[in-house]
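Subject: Structure handover

Hello,

Here is the structure I promised you. Please open it first, then read my notes below.

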Amino acid sequence: MTALLARAATRLLTSRRVRTASRASHAALRTLRRQPPTVHVFHDAQDPYSHLLAGVMPAFAARYAVQIIDHGVPPPDTDAAPDAPALARWAHRDAERLARHYGLTLPGTLPTHLQWTPQALQQGHALRRRLGHYLGATLYFEGEWYWGIDRLHHLEARLTQAGQRNEAGHEPLHPPPQVAFANAAAPTPSDRIRTKRLTFFCSLRSPYTYLAVGRVRALARTYGATLEVAFVLPMVMRGLPVNTAKRLYIVRDAKREAERLNLPFGDIVDPVGPPPDRGLAVLHH
């Protein structure tokens, strides 16, 4: 019975019809109140993803007929980022790679006009929490969240569909990265000598594992790499907290990415306890 209820709940949470109805109701309420479409942007001064997002917002603002309101927020709470130093190191490397991919330069700080007092930071934090998120470099528009420059295309598609784009066309400012599988060169003898290894850190509770596993296998096969699966227990099974806002955002974000990748998604039974143990044992075998 628990599994059936969980499956029904996640189907509802990730339903396209529910999402479409939510968007329509937000738009109708905004029209009724005679308010402009408004994108709220939450910046964390210590977060390189925020620095990168802030750098592209002027081009975004010029392209779409929306009001943009900036908010400062403090770093995430420990229940969202339990190992803050490791996250900071990773975020800087990852933001630099994203910047190179899109032909951008990663700023070292936020622009000078994006500075807030401690009181304003707490106000931004309270608004972010009330609207249902936990990170910086996030955008909120009428019931939905978008994290970082590599999810900006989802917001652009929504605004374009809603007729809020100032110019013709549908191509986003920063399209999602495409992974090349079929066009890789065949491995040379020297490549075979230098054995390539692709390590995939796999958690059976993470919806991102589901989205990635087929593509990771294809990636390793295409480039002649040995795929090594590194088993990771879910955070909650390691005594680490995962707050509700984080869980909800991850599921909804995974749904959008699944649609982009043409994968079915939404029929979920949350595996905690014996199922991951048994699944990892089977994978190891």
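Which element gives the most residues to the lining of the second largest pocket? It is helix H9, with seven residues. Please keep in mind that this is a predicted model.

**The pocket**

The second largest pocket holds about 410 Å³ of space. Its lining is made up of 20 residues, and the closest to the centre are Leu 13, Arg 19, Gly 143, Glu 144 and Arg 252. Four elements give two or more residues each: helix H1 (2–13), helix H2 (16–33), strand S4 and helix H9 (244–260). By class, eight of the lining residues are nonpolar, five are polar and seven are charged.

**The S3–S4 hairpin**

Strand S4 also belongs to a hairpin with strand S3, and two residues sit between the strands. S3 covers residues 138–141 and S4 covers residues 144–147. They run antiparallel and are joined by four bridges. Within this pairing, Tyr 140 has Trp 145 of S4 as its bridge partner.

S3 has another partner. Strand S1 (residues 38–43) runs antiparallel to S3, with three bridges between them. Here His 40 is the residue opposite Tyr 140.

What about the faces of S3: are they covered or open? Both are covered. Thr 138 and Tyr 140 lie on one side, Leu 139 and Phe 141 on the other, and all of them are buried.

**Two positive phi values**

Most residues other than glycine have a negative phi. Two residues around S3 are worth a look in this respect.

- Ala 137 has a positive phi, near 60 degrees. It is placed in the loop between helix H5 (118–131) and S3. Its relative accessible area is 0%, so Ala 137 counts as buried.
- Glu 142 is not a glycine either, yet its phi is positive, at about 45 degrees. It is placed in the loop between S3 and S4. Its relative accessibility is 10%, so Glu 142 is buried too by the 20% cut-off.

**Aromatic pairs**

How many aromatic pairs are there? The count comes to five.

One of them is Tyr 49 with Trp 147. The ring centres are 5.6 Å apart and the planes stand at 70 degrees. An angle over 60 degrees counts as edge-to-face, so this pair falls in that class. Tyr 49 is in helix H3 (residues 48–63) and Trp 147 is in strand S4, so the pair ties together parts that are 98 residues apart in sequence. Tyr 49 counts as buried because its relative accessibility is 11%, under the 20% cut-off. Trp 147 is at 31%, so it counts as partly exposed.

Tyr 210 and Phe 265 form another aromatic pair, and this one is tilted. The distance is 6.1 Å centre to centre, with 35 degrees between the planes. Tyr 210 lies in helix H8, while Phe 265 lies in the loop between H9 and helix H10 (274–284). The two are 55 residues apart, so this pair also links distant parts of the chain. Tyr 210 is partly exposed, at 37% relative accessibility. Phe 265 is buried, with a relative accessible area of 14%.

There is a cluster as well. Ring pairs link Phe 42, Tyr 140 and Trp 145. Tyr 140 and Trp 145 are the bridge partners named above.

**The β-α-β unit**

Strand S5 (residues 196–202) and strand S6 (residues 225–231) pair in the parallel sense, over seven bridges. In this pairing, Phe 201 has Ala 230 of S6 as its bridge partner. Helix H8 (residues 207–222) joins S5 and S6 in a β-α-β unit, and the unit is right-handed. Tyr 210 of the tilted pair sits in this helix, H8.

**One more residue**

Ala 84 lies in helix H4 (residues 84–101). It is partly exposed, with a relative accessible area of 46%. Its C-alpha atom is 14 Å from that of Asp 44, and the two residues are 40 apart along the chain.

That is what I have for now.

Best wishes

How values were computed. Residues are numbered from 1 along each chain as its sequence is written. This is a predicted model: local features need pLDDT of at least 70, side-chain atom pairs count only at pLDDT 80 or more; totals for chains, interfaces and linings use all residues. Side-chain values use heavy atoms; hydrogens and water are left out. Two strands pair if DSSP finds at least two bridges between them. On a 1 Å grid over the protein atoms alone, a cavity is a set of points where a 1.4 Å probe fits but cannot get out, and a pocket is an open set with protein on both sides within 12 Å along at least five of seven lines; lining residues have an atom within 4 Å of a point. Grid points are joined across faces, edges and corners, and a volume is the space filled by probe spheres set on the points. Ala, Val, Leu, Ile, Met, Phe, Trp, Tyr, Cys and Pro count as nonpolar, Asp, Glu, Lys and Arg as charged, and the others, Gly among them, as polar. A crossover is right-handed if, with the strands pointing away from the viewer, the path from the first strand over the helix to the second runs clockwise. Rings of Phe, Tyr and Trp (its six-membered ring) pair if their centres lie within 6.5 Å; planes under 30 degrees apart count as stacked, over 60 as edge-to-face and the rest as tilted. Buried means under 20% relative accessible area, exposed over 50%, partly exposed in between (1.4 Å probe, protein chains only).
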